[in-house]
Amino acid sequence: KQLRGRPPLTVDPSCRERNYGVWEGKTRDEAKALCTTGREVDDKYSLDLAPEGGETRGALQLRAQNFFISLLRQHRGSTVLVVTHGAFVSVCRSVHSKTSPHM
């Protein structure tokens, strides 16, 4: 089936990239300088570590999982294009395949 006209566009804020708080726009070294231990930057796969004002990886996983489940329910049997960020895609893929996400 060929699409005619413009397909509907939906902007969903849950597809945003992980919130890195005070690390946003910083290099790795600059982010480390803002940390108390430096572990926060080195342990990017930890589910419970977050930069000040940022989001934990666990919170990102929950957000992505909820989005993915909602998408499947709303569009079962349809073709859908999702445009988002790398970490979010990585987590969605892990939810779908039930594996551990790695960025």
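Leaving aside its neighbours within four places in sequence, which residues is L60 in contact with? I shall begin there. In this predicted model, the contacts of L60 outside that window are R18, E55, A87, F88 and V91.

Let me turn to the core. L60 is one of the 10 residues of the largest nonpolar core. Its fellow members are C15, A64, F67, F68, L71, A87, F88, V91 and C92. Two helices, α3 (57-74) and α4 (86-97), each supply at least two residues of this core. The greatest contribution comes from α3, which gives five residues. As a general remark, nonpolar side chains in soluble globular proteins tend to be buried together.

I now consider helix α3 itself. It comprises 18 residues, and the distance from its first C-alpha to its last is 26 Å, close to the 26 Å expected at 1.5 Å a residue. The buried residues in α3 are R57, L60, Q61, R63, A64, F67, F68 and L71. Because these residues cover an arc of only 165° around the axis, they lie on the same side of α3. On the face turned away from that buried side, α3 carries the exposed residues R73 and Q74.

Finally, a word on confidence. The protein chain has an average pLDDT of 80, and 79% of the residues score at least 70. Among the elements of the chain, α3 has the highest mean pLDDT, at 88. The lowest mean, 62, belongs to helix α2, residues 39-42.

To close, I return to α3: the helix that gives the most to the largest nonpolar core is also the element with the highest mean pLDDT.

Methods. Residues are numbered from 1 along each chain as its sequence is written. Side-chain values use heavy atoms; hydrogens and water are left out. A nonpolar core is a set of buried Ala, Val, Leu, Ile, Met, Phe, Trp, Tyr and Cys residues joined through side-chain atoms within 4.5 Å. Buried means under 20% relative accessible area, exposed over 50%, partly exposed in between (1.4 Å probe, protein chains only). Helices (H or I, at least four residues) and strands (E, at least two) are DSSP runs, numbered from the N terminus. Contact means heavy atoms within 4.5 Å. The expected span of a helix is 1.5 Å times one less than its number of residues. The arc is that of the directions from the helix axis to the C-beta atoms. pLDDT is the predictor's confidence in each residue, from 0 to 100.
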